[in-house]
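Trainee: I should like to work through this structure with you, one question at a time. May we begin?

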Amino acid sequence: MFRSGAFVAEHVSPAIDEQVQPNGVDLTVDVVFDQLEPGRITRDDKEIGDRVARPLEELERKDPDKYYLPVGSYIVRYGERIRIPEGHVGFVYPRSSLMRNSCMLNTAVWDAGYEGRGEGLLQVHHDVELERGARIAQLVFAQADHAETYDGSYQGEHL
Ligand SMILES: O=c1ccn([C@H]2C[C@H](O)[C@@H](COP(=O)(O)OP(=O)(O)OP(=O)(O)O)O2)c(=O)[nH]1
């Protein structure tokens with residue numbers, strides 16, 4: 001069973017009223033990164049390629065609160081601290097207005113016990129303007145059995 005947005009909001013901070021939806025909580029964009037170098041995934045380890053935060057303003061359109069993103073792919077860090085409670089698994093979907101603007105957010109599984117400010121893969125298929133702090137995604141919780149809780153290398157990231 002998927003939980004209500006009000007329940008999800010108890011595990012997301014900050015979560016103002018505007019972010020709380022019937023079935024989940026909207027997440028905002030905090031930082032957008034360009035990946036600079038290849039990463040590496042081996043049988044027993046992984047390495048994240050170097051990245052750099054994109055500037056918040058561009059030469060011709062000075063507005064320090066906005067990202068102007070040309071077609072490409074980017075890593076985004078969400079603005080909220082997220083905690084996945086025991087007995088649950090989290091999923092993040094793009095906000096439909098993002099998708100309707102030819103952009104997509106690719107996401108993975110959010111494990112029970114994880115806590116941090118997570119990341120997503122933003123695919124921009126048509127240039128787009130995103131204000132820092134704008135809502136771009138929605139987190140939902142499903143109830144789930146599990147043996148252990150998350151204890152990986154991303155635990156506590158960006159808190
Ligand atoms: O779109 C997502 C999905 C998950 N996470 C967070 C929550 C999740 O619990 C954690 C680790 O995800 P996963 O287990 O898929 O990553 P991994 O590459 O297997 O890392 P580890 O070896 O630490 O398990 O990353 C995100 O930030 N973004």
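Trainee: Which of the 14 residues around the ligand come nearest?

Mentor: Please keep in mind that this is a predicted model. A residue is counted as near the ligand if one of its heavy atoms lies within 4 Å of it. There are 14 residues around the ligand, and those that come nearest are Lys 46, Ala 108, Asp 111, Glu 119 and Tyr 150.

Trainee: How far is the polar side-chain atom of Asp 111 from an oxygen atom of the ligand?

Mentor: Asp 111 is among the residues that come nearest to the ligand. A polar contact requires a pair of N or O atoms within 3.5 Å. A polar side-chain atom of Asp 111 meets this requirement, since its separation from an oxygen atom of the ligand is 2.6 Å.

Trainee: Which residue places a backbone N or O atom 3.2 Å from an oxygen atom of the ligand?

Mentor: Polar atoms of the protein may belong to a side chain or to the backbone. With Trp 110, an N or O atom in the side chain is 3.5 Å from an oxygen atom of the ligand. The backbone N or O atom at 3.2 Å from a ligand oxygen belongs to Ser 153.

Trainee: How much of the ligand's area does the protein bury?

Mentor: The ligand sits in the largest pocket. Backbone contact with the ligand is made by Ser 153, at 3.2 Å. Taken alone, the ligand exposes 590 Å², and the share of this area buried by the protein is 72%.

Trainee: Is Asp 26 buried or exposed?

Mentor: Asp 26 belongs to strand β2, which covers residues 25–35. Buried means under 20% relative accessible area. Because the relative accessibility of Asp 26 is 3%, this residue counts as buried.

Trainee: Which side chain is joined to that of Asp 26 by a polar contact of 2.5 Å?

Mentor: Neighbours within four places in sequence are left aside here, and Asp 26 is then in contact with Glu 18, Gln 19, Gln 21, Arg 135, Ala 137 and Gln 138. One of these also forms a polar contact of 2.5 Å with Asp 26, side chain to side chain. That partner is Arg 135.

Trainee: What is the relative accessibility of Leu 139?

Mentor: Leu 139 is part of strand β14. Not counting residues up to four places away in sequence, Leu 139 touches several residues, including Val 8, Val 12, Leu 27, Ile 82 and Phe 91. Leu 139 counts as buried because its relative accessibility is 0%.

Trainee: How far apart are the C-alpha atoms of Gly 39 and Asp 50?

Mentor: Gly 39 lies in the loop between β2 and β3, the latter being residues 40–41. Beyond residues up to four places away in sequence, Gly 39 touches Glu 47, Ile 48 and Gly 49. Gly 39 and Asp 50 are 11 residues apart along the chain, and their C-alpha atoms are separated by 7.7 Å.

Trainee: Which residue is joined to Pro 14 by a cis peptide bond?

Mentor: Pro 14 is located in the loop between β1 (12–13) and β2. The cis peptide bond has an omega of about -5°. The residue it joins to Pro 14 is Ser 13.

Trainee: What is the phi of Ser 102?

Mentor: Ser 102 is in the loop between α2 (96–100) and β10 (103–106). With 35% relative accessibility, Ser 102 counts as partly exposed. Although Ser 102 is a residue other than glycine, its phi is positive, near 65°.

Conventions. Residues numbered from 1 in each chain as written. Predicted model: local features only at pLDDT ≥ 70, side-chain atom pairs only at ≥ 80, totals over all residues. Heavy atoms only, no water. Helix = DSSP H or I, 4+ residues; strand = E, 2+ residues; numbered from the N terminus. Buried < 20%, exposed > 50% of the residue type's maximum accessible area, 1.4 Å probe, protein only. Polar contact = N/O pair within 3.5 Å; in protein donor to acceptor, adjacent residues only side chain to side chain. Contact = heavy atoms within 4.5 Å. Areas by Shrake-Rupley, 256 points an atom, 1.4 Å probe, with all protein chains shown as cover. 1 Å grid on protein atoms, 1.4 Å probe; cavity = no way out; pocket = protein on both sides within 12 Å on 5 of 7 lines; lining within 4 Å. Sits in = over half its atoms within 2 Å of the grid points.
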